[in-house]
Amino acid sequence: MTAAHRMHHAQHLIDRLPAVRGRLTADAPLANVTWFRVGGPAEVLFKPADADDLSDFLAGCPADVPVTVIGVASNLLVRDGGVPGVVI
């Protein structure tokens, strides 16, 4: 999948997600947030504003959207192909 196609698909996914006070970023490079500084992009990266923002997001997220929680991403290896769905 080309970068342009991934970005289009990720943008389409963002349109299906609930409104948040935090930040949703399409095709976000995870190498910037992992301790080892490696890995491909998250289809969508969600950085919640607070616990209520996270709770509201999870309650409103469509059931068919995969959600992966990485926390602070220490001791985590992300494959170069990235992570589908939403990464928190």
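Below is a chat about the predicted model of one protein chain.

User: Hi! What kind of model is this, and how are the residues numbered?
Analyst: Hello! This is a predicted model, where local features need pLDDT of at least 70, side-chain atom pairs count only at pLDDT 80 or more, and totals for chains, interfaces and linings use all residues. Residues are numbered from 1 along each chain as its sequence is written, and side-chain values use heavy atoms, with hydrogens and water left out.

User: Cool. How many helices and strands does the protein chain have?
Analyst: There are 2 helices and 4 strands. Starting at the N terminus, their order is α-β-β-α-β-β. Here helices (H or I, at least four residues) and strands (E, at least two) are DSSP runs, numbered from the N terminus.

User: And which strands pair with β4 in the parallel sense?
Analyst: β2 pairs with β4 in the parallel sense, over 3 bridges, and β3 does so over 2 bridges. Two strands pair if DSSP finds at least two bridges between them. To find these pairings in the picture, look for Ala42, whose bridge partner in β4 is Val83, and for Thr68, whose partner in β4 is Val87.

User: Why is β4 described as largely enclosed?
Analyst: Strand β4 covers residues 83-87, and 4 of its 5 residues are buried, so the rest of the structure largely encloses it. Buried means under 20% relative accessible area, exposed means over 50%, and partly exposed is in between (1.4 Å probe, protein chains only).

User: What share of the 88 residues is buried?
Analyst: Buried residues account for 36% of the 88 in the protein chain. The accessible surface comes to about 5,300 Å², and 57% of that belongs to carbon and sulfur atoms. These areas come from the Shrake-Rupley method with a 1.4 Å probe; for residues, only the protein chains shown count as cover.

User: Which residues make up the largest nonpolar core?
Analyst: That core has 11 residues: Leu13, Ile14, Leu17, Ala26, Val44, Phe46, Phe57, Cys61, Val65, Val86 and Ile88. Two or more of them come from each of α1 (3-16) and β2. A nonpolar core is a set of buried Ala, Val, Leu, Ile, Met, Phe, Trp, Tyr and Cys residues joined through side-chain atoms within 4.5 Å. There is also a second, separate core of 9 residues, including Ala28, Leu30, Ile70 and Val78.

User: What does Leu17 touch?
Analyst: Leaving out residues up to four places away in sequence, Leu17 touches Leu24, Val44, Phe57, Cys61, Pro62, Val65 and Val86. Contact means heavy atoms within 4.5 Å.

User: Phe46 and Phe57 caught my eye. How are their rings arranged?
Analyst: Let's begin with the whole set: a search of the whole structure finds 2 aromatic pairs. Rings of Phe, Tyr and Trp (its six-membered ring) pair if their centres lie within 6.5 Å; planes under 30 degrees apart count as stacked, over 60 as edge-to-face and the rest as tilted. Trp35 and Phe36 form an edge-to-face pair, because their ring centres are 4.7 Å apart and their planes sit at 85 degrees. Trp35 is exposed at 58% relative accessibility, while Phe36 is partly exposed at 39%. Your pair, Phe46 and Phe57, is tilted, because the centres are 4.4 Å apart and the planes are at 35 degrees. Phe46 lies in strand β2 (residues 41-47) and Phe57 in helix α2 (residues 51-60), so this pair ties together parts 11 residues apart in sequence.

User: Are those two Phe residues buried or exposed?
Analyst: Phe46 is buried at 1% relative accessibility, and Phe57 is buried at 0%.

User: New topic! Which side chains meet in a salt bridge?
Analyst: One salt bridge joins Asp64 and Arg16 (2.6 Å, N to O). Asp64 sits in the loop between α2 and β3 (67-68), and Arg16 in helix α1, 48 residues apart. The side chains of Arg21 and Asp50 also meet in a salt bridge, at 2.8 Å, N to O. By definition, a salt bridge is a side-chain nitrogen of Lys or Arg within 4 Å of a carboxyl oxygen of Asp or Glu.

User: Last one: where is Gly22, and what does Gly22 touch?
Analyst: Gly22 is in the loop between α1 and β1. Not counting residues up to four places away in sequence, Gly22 touches Phe46, Lys47, Pro48, Ala49 and Asp53. The C-alpha atoms of Gly22 and Pro48 are separated by 4.3 Å, although these residues are 26 apart along the chain.
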